[in-house]
Amino acid sequence: MPISITLIGGPTALIEIDGFRLLTDPTFDDAHTAYQLPHVKLEKTIGPALKADAIGPIDAVLLSHDQHSDNLDNSGRDFLKHVKRVLTTEAGAQRLGGHVEGLAPWGTAHLKDRDGNSLTITATPARHGPAGIEPLSGDVIGFVVSSSRTDTTSVYISGDTTWFDGVAEVARRFKCGVVMPFAGAAQTRGPFHLTMDTNDTIETARAFPDAMIVPVHTEGWAHFRQNSEDLRKTFDVLGFGTRLRLLEPGVPTVVQAP
């Protein structure tokens, strides 16, 4: 079955799969909003393509982590209160409370509809920067969404991570036809990236040879050092261009494995 993805902005995307509607890291604040974190100030440069009240009903939010405003901003926190299910890290679930569910890497959650269709959502390892970053960045997870329907491919959402052994292990365990790397080469307090750069994204494409690569987290924040055009140029030069699908914000796009 076809999968539709609508890029809302930054890491926020609506994934429609087998009648289920999933939303990644909700960020709905307006452009030019600034957030002072303990050691860095983040600035949003582009507003969302869709406001929260235009999204419609959501079956689950897939929240890679809750500690950084470019993955969960003020409006995003309000949005969580009105969603049936929120899946995030175990530490994030403790901080957010309420109906938020925490998953450790390789833990699973399930969504079911009235017709007997179901999705299995598996939390995947993520590392928000170079080795040793964990005490600074906190816990992060990604997600693999697998359908009970044999004609629907699995979707991998990397969450905020760079390329490391954990991402390679996801590729070994799951055959995914759609991969959504959180790219943009985010950089804040040091000369290192906190999310995938062009090299990491190419490595991810190589690890998932049967997948269409649909990057998010490439535009909209001042601390992103690369954008979708950098990815396009890199993929074209290295011969991966036909496997890269760049989304136009606000436009539902049907994505299929190449």
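This briefing describes an annotated domain, a run of paired strands and a pocket. The model is a predicted one, and the domain name comes from a record, namely an unreviewed UniProt entry that carries the annotation "domain: Metallo-beta-lactamase" for residues 21–217. Over residues 21–217 the chain is 19% helix and 26% strand, while the C-alpha atoms at the two ends lie 19 Å apart.

**Strands and crossovers**

- Strand S6, which spans residues 60–62, pairs in the parallel sense with strand S7, which spans residues 86–89, and two bridges join them; in this pairing, leucine 62 has leucine 87 of S7 as its bridge partner.
- Together with helix H1, made of residues 74–80, the strands S6 and S7 form a β-α-β unit that is right-handed.
- S7 also pairs with strand S8, residues 100–103, again in the parallel sense and over four bridges, and here the bridge partner of leucine 87 is glutamate 101 in S8.
- From S7 the chain passes through helix H2, residues 90–96, before it reaches S8, and this β-α-β crossover is right-handed.
- Leucine 87 therefore appears in both pairings, as the partner of leucine 62 and as the partner of glutamate 101, within strands that count as paired because DSSP finds at least two bridges between them.

**The largest pocket**

- The largest pocket of the model has a volume of about 390 Å³, and among the 22 residues that line this pocket, those closest to its centre are Leu37, His68, Leu136, Ser137 and Arg189.
- Sorted by character, the lining of the largest pocket consists of nine nonpolar, nine polar and four charged residues.

Key:
Residues numbered from 1 in each chain as written. Predicted model: local features only at pLDDT ≥ 70, side-chain atom pairs only at ≥ 80, totals over all residues. Heavy atoms only, no water. UniProt positions renumbered as here; feature names shortened; annotations may be inferred. 1 Å grid on protein atoms, 1.4 Å probe; cavity = no way out; pocket = protein on both sides within 12 Å on 5 of 7 lines; lining within 4 Å. Points joined across faces, edges and corners; volume = space filled by probe spheres on them. Nonpolar A, V, L, I, M, F, W, Y, C, P; charged D, E, K, R; others polar. Right-handed = clockwise from strand over helix to strand, strands pointing away.
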